[in-house]
Amino acid sequence: MRTAKTFWLALAALFIVCFGLGAVLQPQFQAIENARHQSNNFFSLLLGSSSRIFANDFFIKADVYYHSGFYPTIFDNNQAFETPHMAEDTGAVASHNEGEETTFMGPPRDWLDAFGRHFIPNRHTHLDEGGPTDDLSKSKQVREILPWLEISAKLDPENIKTYLVMAYWLRSKLNKVSEAEQVLREGLRYNAGNPQLLFELGRIYDENYNNPDRARTIWEAALRSWAQEEPDVPPSERLKLSNENFDNRFIFEQLQTYLAQLEEKAGHTDAAIAHLQQAELASTTPADLQQHIDELRKKEAKH
């Protein structure tokens, strides 16, 4: 009798333990399953949050290669490299760089330091500079940057800069426009509605596909997405001239400026002026935009 009672008590205790473990572990398994459906990224699941560290390392390696090895270490002055130059060159990423990028090593500490600098990269260069044309489609050096960026994107699919740089180089330097579009759409799959990715996608339709109507639709969608990123924050707050809002202001100004260019080319002066006036709200040089607005109004008056 006592044996049967002990058996049922043990069974009840085992049931309680199993139920408790299920309650604790189920949300964790659900989170993993959701992450798998959202990213479908093996590296992110395997490495967890550390995958972003590795992703950034691969991205920096690509930027180092872009500079032919002339790049600051953690012990040098990095102010001119806060924003990787590859990303800055795309025109879709705001630059936070300050100072002269060629003097990060500072003056030689002594004659030995000065002598040693002859045996390391000591000249500032970019892989896309110095050639007779902008066509680098046959450059092995340029193509070797892309694998580093592809690995970085796999490790951290939420890093917008990686997709922007890949797409920019593919379409602008390697003449692979369709592949650039695929990269941006892959980025949008992981970062739905991102204004920077949509901005670059619109540039492909405008500059490469010669489809301004499609570009306009994409850029207008990017502006709507920009507004929805912080729906509870008034646009006036997001456009204040401050370092905290610099990135928000930058992409907003870019979108408004490019839309203004589309409308101006189409002969829609009023629409172009309206977009330029919006761009003024975010610009650090509103006087330049106002000058262009005045020129458009003068041309309109003559007609």
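Of the 303 residues in the chain, 38% are buried. The model is a predicted one, and its secondary structure is easy to summarise: the chain has 15 helices and 0 strands. Contacts that span long stretches of sequence are well represented. Among contacts between residues at least 6 apart in sequence, 56% join residues that are at least 24 apart.

A word on confidence helps in reading what follows. The mean pLDDT of the chain is 75, with 53% of residues reaching 70 or more. Two stretches deserve a cautious eye. Over residues 31-40 the pLDDT stays under 50, and the model gives this stretch 7 contacts beyond four places in sequence. Residues 117-121 also have a pLDDT below 50, and here the model has 9 contacts beyond near neighbours in sequence.

The helix packing can be followed from α9 onwards. Helix α9 covers residues 177-190, and α10 covers residues 195-208. These two helices pack at an angle of about 155°, with their axes 9 Å apart. Because angles over 145 degrees count as roughly antiparallel, α9 is described as roughly antiparallel to α10. The crossing of α9 over α10 is left-handed. On the α9 side the contact is made by Val177, Ala180, Glu181, Leu184, Arg185, Gly187 and Leu188, and on the α10 side by Leu197, Leu198, Glu200, Leu201, Ile204, Tyr205 and Asn208. Sorted by class, these residues comprise 9 nonpolar, 2 polar and 3 charged.

Helix α10 also meets α13, which runs over residues 246-265. The axes of α10 and α13 come within 10 Å and cross at roughly 20°. Angles under 35 degrees count as roughly parallel, so α10 is roughly parallel to α13. Here too the crossing is left-handed. From α10, the residues involved are Pro195, Gln196, Phe199, Arg203, Asp206 and Glu207; from α13, they are Ile251, Gln254, Leu255, Tyr258 and Leu262. This contact divides into 6 nonpolar, 2 polar and 3 charged residues.

A further partner of α13 is helix α11, residues 212-229. The two pack at an angle of about 155°, and their axes lie 10 Å apart. That angle makes α11 roughly antiparallel to α13, and α11 passes α13 in a left-handed crossing. Contributions from α11 come from Pro212, Ala215, Arg216, Trp219, Glu220, Ala222, Leu223, Trp226 and Glu229, while α13 brings Asn248, Ile251, Phe252, Leu255, Gln256, Tyr258, Leu259, Leu262 and Glu263. The class count for this contact is 12 nonpolar, 2 polar and 4 charged residues. Ile251, Leu255, Tyr258 and Leu262 of α13 thus appear in the contact with α11 and also in the contact with α10.

Individual residues add detail to this picture. Ser225 is found in helix α11. With a relative accessible area of 14%, Ser225 is buried, because the cut-off for that class is under 20%. Beyond its neighbours within four places in sequence, Ser225 is in contact with Gly193, Asn194 and Pro195. The pair Ser225 and Pro195 is separated by 30 residues in sequence but by 6.3 Å in space, C-alpha to C-alpha. Pro195 is also one of the α10 residues that contact α13.

Towards the other end of the numbering, Gln290 lies in helix α15, residues 286-302. Its relative accessibility is 28%, and Gln290 therefore counts as partly exposed. Setting aside residues up to four places away in sequence, Gln290 touches Glu280 and Arg297. Gln290 and Ile273 are 17 residues apart in sequence, with a C-alpha to C-alpha distance of 9.3 Å.

Two loop residues stand out by their backbone angles. Most residues other than glycine have a negative phi. Asn175, however, has a positive phi near 60°. Asn175 is found in the loop between α8 (160-172) and α9 (177-190), where it is partly exposed with a relative accessible area of 48%. Asn210 likewise has a positive phi, of about 55°, although it is not a glycine. The loop that holds Asn210 joins α10 and α11, and Asn210 is exposed, with a relative accessible area of 64%.

Notes. Residues are numbered from 1 along each chain as its sequence is written. This is a predicted model: local features need pLDDT of at least 70, side-chain atom pairs count only at pLDDT 80 or more; totals for chains, interfaces and linings use all residues. Side-chain values use heavy atoms; hydrogens and water are left out. pLDDT is the predictor's confidence in each residue, from 0 to 100. Contact means heavy atoms within 4.5 Å. Axes are lines fitted to C-alpha atoms, for helices over the stretch in contact, and angles run from 0 to 180 degrees between N-to-C directions. Helices (H or I, at least four residues) and strands (E, at least two) are DSSP runs, numbered from the N terminus. Angles under 35 degrees count as roughly parallel, over 145 as roughly antiparallel, 65 to 115 as roughly perpendicular and the rest as oblique. A crossing is left-handed if the near helix is turned anticlockwise from the far one by less than a right angle, and right-handed if clockwise. Ala, Val, Leu, Ile, Met, Phe, Trp, Tyr, Cys and Pro count as nonpolar, Asp, Glu, Lys and Arg as charged, and the others, Gly among them, as polar. Buried means under 20% relative accessible area, exposed over 50%, partly exposed in between (1.4 Å probe, protein chains only).
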